[in-house]
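Morning, everyone. Please pull up the sequence and the structure, and let's walk through them together.

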There are 4 protein chains.
Amino acid sequence: MDTIGTLRSYTFRVRYAETDQMGIAHHSNYFVWFEAGRSDYCRDLGLPYGEWEKNGVFMPVVEVHCRYKSSLLYDELVTLEVFPTEWRGATMTFSYRLLHADGKLAAEGWTKHAFADARGRLIRHDNDFIVRLKDLMLSDQMTPAAQPAAK
Amino acid sequence: MDTIGTLRSYTFRVRYAETDQMGIAHHSNYFVWFEAGRSDYCRDLGLPYGEWEKNGVFMPVVEVHCRYKSSLLYDELVTLEVFPTEWRGATMTFSYRLLHADGKLAAEGWTKHAFADARGRLIRHDNDFIVRLKDLMLSDQMTPAAQPAAK
Amino acid sequence: MDTIGTLRSYTFRVRYAETDQMGIAHHSNYFVWFEAGRSDYCRDLGLPYGEWEKNGVFMPVVEVHCRYKSSLLYDELVTLEVFPTEWRGATMTFSYRLLHADGKLAAEGWTKHAFADARGRLIRHDNDFIVRLKDLMLSDQMTPAAQPAAK
Amino acid sequence: MDTIGTLRSYTFRVRYAETDQMGIAHHSNYFVWFEAGRSDYCRDLGLPYGEWEKNGVFMPVVEVHCRYKSSLLYDELVTLEVFPTEWRGATMTFSYRLLHADGKLAAEGWTKHAFADARGRLIRHDNDFIVRLKDLMLSDQMTPAAQPAAK
């Protein structure tokens, strides 16, 4: 899917606890990494997710998908690319790519989110905070200095 | 997707450690539960997954999907339905439904697997163990006594 | 440590996701299992922990310890013994033993808890709910039928 | 406990998936963080743990302890201090402190390890690799530039 905002990249190492007895990172952890990338993304955008919740805006996950191409190993340095790919009414989608240190694709996936209040009720898409967030995300243009290296 | 073998049901409770600060089960755990269901399924089929690995047959995950319909809460009693839905060459797909105690759908998903050896190389679909497994799974007919209650 | 209430036993299987590349259950999961055992214990006592929180009583962990004697493996059937061993002011301690199917000790540990309100402030030990809980836990005598098998 | 080698510091952020419905980081994750710190420590020492395993030297956990002083919250920037505190025969102990951004102590703990081969059998303390590791760890003196800021 094509990004509708800026693509941001983050790096991390696979933890030992994240491996399984097949000797590779367990597939459930990819969604934990995607989420950590969303956190970094929103913080870098200037709207840390922690502030959303303080404003009564929660972003529960409504659908996820991941395709695993090449196993990730313990202590491997991984690059995670995060980019928004869809904004439709009161839902939005983040997409992700995980790359080995040599740039080879390890996995790709997406997570679709709804905007909800603390009780889980959907929030209207014309809510002030949502409008501000959408404007910020779709108009987001990183300065050249902040651009991740081309891949 | 339609099942191509028997549907089996298992129950479990949501652990406290599986919740997050939104007060619901974190979405990454659903894949851990799906996997636990696969383990139970294969054991009940008479071919525990641990034996597969001893025979040099591994079943890495190549693609996953999940749709979240209704949050699962701490200590809630959940029913997990597991059923094979596709067998194509050297890959197969398990599908899942998670139900609240009142039978309401909480989530549904699927995981696609390849058959590989200990080094991660794909195994031919005419491998003896794979053939035996496929025959067993597709011809699997539980006795009435073992059938889960109708839903 | 000696129990000051009833010892209760629960069984579970080690999940694949709980293993690591050493081929054994990762040590951090033992505390997740201990916690699941506390949940079962409190539910069986007639005071599910979910109700505590609804009464504004939380039980954060203040100290933990575990000694690992013998590795636990994927799909292994494990017995978890849970028993309270100390009640001092507004803190209490649960102790645990994990046993292989043949009764051999796999690990033993304890977790110490404080009673706190939703904001994390300590609750006085003469709080009504705490007094009721303490009375219930220390006077707890399971009927013979409910006693776990001797080990 | 007093360190017998160099103290190294690492920083990380608490992941959303690591929180629980009490709104704080779940206590089991502290051991995952300790382990990630050990990985960083050994890599910085010049002997990445991945190489140990390739040399047939495994370091299973035999005992752990942690005292929780002050809760860690989602997205909080945490400093982890790692330092070896004991080396006795074929076992060794790492100690840890977790600090809030303002330097306040959040938790402290230790993990005791044995040296074992791939089958879990204890390795003699005069094994070449162990001797080399011990020499390296106990003589480890970081250059001033590499010293973490004083706390």
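Start inside chain B. Strand E1, residues 8-13, pairs with strand E3, residues 77-88. The two run antiparallel, and six bridges join them. For a landmark, find Thr11(B): across from it in E3(B) stands Thr79(B).

Now follow E3(B) to its other partner here. Nine bridges join E3(B) to strand E4, residues 91-99 of chain B. That pairing is antiparallel too. Pick out Pro84(B): it stands opposite Phe94(B) in E4(B). E3(B) and E4(B) form a hairpin, with two residues between the strands. Which residue of that hairpin takes a positive phi? It is Gly89(B), with phi near 60°.

A word on confidence before we go on. This is a predicted model. The predictor gives the complex an ipTM of 0.92 and a pTM of 0.94. For chain A, the average pLDDT is 91, and 93% of the residues score at least 70. Where does chain A stay under 50? Look at residues 143-151. In the model, that stretch has five contacts beyond four places in sequence.

Next, the contact between chains A and B. On each side, 17 residues take part: 17 of chain B touch 17 of chain A. On the chain B side, two elements give two or more residues each: helix H1, 29-45, and strand E2, 61-68. Which one gives the most? E2(B), with eight residues. By class, chain B's side has ten nonpolar residues, five polar and two charged.

E2(B) also pairs across the chains. Strand E2 of chain A, residues 61-68, runs antiparallel to E2(B), and five bridges join the two. One pair to look at: Glu63(A) has Arg67(B) as its bridge partner in E2(B).

Last topic: symmetry. Take chain C and lay it on chain B. The turn is 180°, the shift along the axis is 0.0 Å, and the RMSD is 0.0 Å. So the relation is that of a two-fold axis. The contact surface is shared as well: 100% of the contact residues of chain C recur in chain B, and the same surface serves both copies. Which residue of chain C comes closest to the rotation axis? Phe12(C), with its C-alpha at 5.1 Å.

To recap. Chain B pairs E1 with E3, and E3 with E4. E2(A) and E2(B) pair between chains. Chains B and C are related by a two-fold axis.

That's it from me. Over to you.

Methods. Residues are numbered from 1 along each chain as its sequence is written. Chains are lettered from A and ligands numbered from 1 in the order in which they are written. This is a predicted model: local features need pLDDT of at least 70, side-chain atom pairs count only at pLDDT 80 or more; totals for chains, interfaces and linings use all residues. Two residues are in contact if their C-beta atoms, placed from the backbone, lie within 7 Å. Helices (H or I, at least four residues) and strands (E, at least two) are DSSP runs, numbered from the N terminus. Ala, Val, Leu, Ile, Met, Phe, Trp, Tyr, Cys and Pro count as nonpolar, Asp, Glu, Lys and Arg as charged, and the others, Gly among them, as polar. Two strands pair if DSSP finds at least two bridges between them. pLDDT is the predictor's confidence in each residue, from 0 to 100. Copies are superposed by least squares on the C-alpha atoms of residues with pLDDT of at least 70 in both.
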